[in-house]
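Work through the exercises below with the sequence and the model open, trying each task before reading its solution.

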Amino acid sequence: YKDYTALPGAPSFILGLINIRRKVLSIINLKIFFSLAEEHSSDQKFLILENHNMEFAILIDGILGIQKILFDHIEPLPSNFNKVQQDLLRGITTDGIAFLDGKKLLSSQLMIVDETV
């Protein structure tokens with residue numbers, strides 16, 4: 001993800017823009033967006049989320065694997081999660097895996113930056 005263009009004046013959670021397969025996408029850093037501790041990795045990648053209205057890339061540290069988790073094993077978020085986290089996360093497992101609601105993230109007004117001059 002090293003070849004992206006920074007956007008001066010954009011919110012801090014937007015790293016910039018990247019051209020992928022002839023599409024220009026915003027790169028979102030969810031760690032900054034959710035106010036989480038930032039761990040720098042030299043091998044960061046991104047994942048593209050899209051629906052019929054919105055498309056952007058989210059910065060990820062990597063993919064550790066794929067596993068099935070039963071809904072019964074997903075617990076509500078603890079009360080110490082902030083409002084944004086409560087709105088955009090579906091729950092958490094006892095192992096500490098948080099479930100991002102991609103559909104809500106793609107339709108969230110927080111992802112729309114309207115800076116009119």
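**Exercise 1.** Determine in what order the strands form the open sheet, and which of them stand at its edges.

*Solution.* The open sheet is formed by 4 strands in the order β1-β2-β4-β3, with mixed pairing, where strands are DSSP runs of E of at least two residues, numbered from the N terminus, and two strands pair if DSSP finds at least two bridges between them. The edges are taken by β1 (14-20) and β3 (45-50), each of which has a single partner strand, so one side of each is left without a neighbour in the sheet. Turning to one pair, β1 and β2 run antiparallel and are joined by 6 bridges, and G16 stands opposite I27 in β2.

This is a predicted model, in which local features need pLDDT of at least 70 and side-chain atom pairs count only at pLDDT 80 or more, while totals for chains, interfaces and linings use all residues. Residues are numbered from 1 along each chain as its sequence is written, and side-chain values use heavy atoms, with hydrogens and water left out.

**Exercise 2.** Establish whether N29 is buried or exposed, and list what N29 touches.

*Solution.* First, locate N29 in the loop between β2 (23-28) and α1. Next, its relative accessibility is 3%, so N29 counts as buried (under 20% relative accessible area; exposed is over 50%, with a 1.4 Å probe and protein chains only). Finally, not counting residues up to four places away in sequence, N29 touches F13, L15, E38 and L59 (heavy atoms within 4.5 Å), and a polar atom of the N29 side chain lies 3.0 Å from the backbone nitrogen of K31.

Technical notes:
A polar contact is a pair of N or O atoms within 3.5 Å; within protein, one must be able to donate a hydrogen and the other to accept it, and residues adjacent in sequence count only if both atoms are side-chain atoms.
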